[in-house]
Amino acid sequence: MPKKRVLYLDVLRIISCFGVVLRHVCSTYWDHLPTNSVRWQLLCLYDSLFIFAVPVFVMISGALFLAPEKEISIRRLLGRNVLRLLTSFLFWSGLGALRLQRIYRGCGATDLTNLKRFVFDTLFSSPSLGFLLTLIGLYLAVPLLRCITKDKKTVWYFLALAFIFNSCVNFLCFVPGLGGWLYEHALMLRDRISVQPVLGYVGYFLLGHVLADYDFKPAVRRGIYALAVLGQLWATLYAAYVSYRTGVPDQSSFGYLLPTTVFISAGLFLWCREHLSGLSCTTRPGKIIRELGLCSFGVYLTHGLLLGLAMDAGIMENAMNPAVFSLLAAAVLFGAGCAISWLIRRIPAISRYLI
């Protein structure tokens, strides 16, 4: 009997996964089109509409691993969850490194140099797969974070610190005239205070738990949705305007740790919980969502390698209209990743270590 799944989380997985793929496809054209062209502005729009993708992935993990009804032993956490992420990272990042080795071949490097390069590329060449290492760090902290979630006041206190020292400090660089000075000195002050435990993605991890398990009054939900819309408008318009004026692509408003991205991610997560919690695995749409949700991790793992191979073959260079081709390419990569994931999941002995 299929394991019961929370389908609104699968919807979030699917949307976020496609968003990651589309953003990486768009990045192949990001620096090759004039920023005052309609085509570049469309790519900027696509990119901005999915800035929630990585934060939402973290929030989904937080919603699952910090759920109060879920019992997670340290042995199971390390031997199953952390091990799965680690082996998946090494395998798919290793394949990507082998692709780069093929490109480097003929450069006259020694075997030892090639080996060092392979190890380096496996660990550091793929930012998207490198995110799995961030997740491993969060998984290792799960037993500690579950202690925090036992008291709601402590949870809100932690999130307040994370929002202030993480998101608000990062937003200071956008203050007209004084942004650079304020941001630089705020970072110096933050380092002196030494609040590392609330920095990075741990706030998103806890926020996923809060949005999945806490109840919110209608007025609060509407407020979060309003902030999400305003955050999306600001992120999109700022990037489009600054890039248009300067002639240089600007993604500074797309930062994952900005308060606007927090609002956008929280709004989407809460909206899906509010409106899609009634989805059932017994219906045809529910079965499709469940299957795509099961494939989404495989899509995330494989899309970088598939995109790299497409670039090696020159497929990405032949696009007549990059704005339209990006959507088609992202759909094809998503479908190919689903197919690979579906096939690997049919190999019981190794699937849990690769997908």
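Phe 120 sits in helix 5, and in this predicted model that residue belongs to a nonpolar patch on the surface. Its partners in the patch are Leu 86, Leu 90, Leu 112, Leu 115, Val 119, Leu 123, Phe 124 and Leu 133. Together, the residues of the patch have about 820 Å² of accessible area. Which helices supply at least two residues each? They are helix 4, covering 74-104, and helix 5, covering 111-124. Helix 5 gives the largest share, with six residues.

Helix 4 also holds Asn 81. Is Asn 81 buried or exposed? With a relative accessible area of 15%, Asn 81 is buried. If we leave aside the neighbours within four places in sequence, Asn 81 is in contact with Phe 65, Arg 76 and Tyr 139.

**Helix 1 and its salt bridges**

Now let us visit helix 1, which runs over residues 7-27 and is the place of Leu 12. Leu 12 has a relative accessibility of 0%, so this residue counts as buried. What does Leu 12 touch, leaving aside its neighbours within four places in sequence? The contacts are Val 56, Ile 60, Leu 268, Phe 269 and Cys 272. By contrast, 40 Å separates the C-alpha atoms of Leu 12 and Asn 114, which are 102 residues apart along the chain.

Side chains of opposite charge can pair when their charged atoms come close. How many salt bridges does the structure hold? There are seven, and the table shows some of them.

| Salt bridge | N to O distance |
|---|---|
| Asp 10 and Arg 5 | 2.6 Å |
| Asp 10 and Arg 13 | 2.6 Å |
| Arg 23 and Asp 47 | 2.3 Å |

The pair of Arg 23 and Asp 47 links two helices: Arg 23 lies in helix 1 and Asp 47 in helix 2 (residues 38-49), so their salt bridge ties together parts that are 24 residues apart in sequence. Arg 23 and Asp 47 are both buried. Elsewhere, Arg 5, Asp 10 and Arg 13 are joined into one network by salt bridges that share partners.

Within that network, Asp 10 and Arg 13 are three residues apart in helix 1, so about one helical turn separates them. Asp 10 counts as buried because its relative accessibility is 0%. Arg 13 is buried too, with a relative accessible area of 16%. Arg 5, at 23% relative accessibility, counts as partly exposed.

**Cysteines without partners**

How many disulfides does the structure hold? The number is zero. For Cys 26, the nearest cysteine sulfur belongs to Cys 44 and is 9.7 Å away. Cys 26 is buried, with a relative accessible area of 1%. Why is Cys 281 not bonded to Cys 295? The sulfur of Cys 295 is the closest cysteine sulfur to that of Cys 281, but the two are 14 Å apart, which is too far for a bond. Cys 281 has 24% relative accessibility and so counts as partly exposed.

**A look along helix 14**

Our last stop is helix 14, which spans residues 322-344 and has 23 residues. From its first C-alpha to its last, helix 14 reaches 32 Å, close to the 33 Å expected at 1.5 Å a residue. Which residues of helix 14 are buried? Among them are Pro 322, Ala 323, Ser 326, Ala 329 and Ala 330. Further along helix 14, the buried residues include Leu 333, Phe 334, Gly 337, Cys 338, Ser 341 and Ile 344.

Conventions. Residues numbered from 1 in each chain as written. Predicted model: local features only at pLDDT ≥ 70, side-chain atom pairs only at ≥ 80, totals over all residues. Heavy atoms only, no water. Disulfide = S-S within 2.5 Å. Buried < 20%, exposed > 50% of the residue type's maximum accessible area, 1.4 Å probe, protein only. Patch = residues over 30% accessible without salt bridge, like charges linked within 9 Å, V, L, I, M, F, W, Y side chains within 5 Å. Areas by Shrake-Rupley, 256 points an atom, 1.4 Å probe, with all protein chains shown as cover. Salt bridge = Lys/Arg side-chain N within 4 Å of Asp/Glu carboxyl O. Helix = DSSP H or I, 4+ residues; strand = E, 2+ residues; numbered from the N terminus. Expected span 1.5 Å × (residues − 1). Contact = heavy atoms within 4.5 Å.
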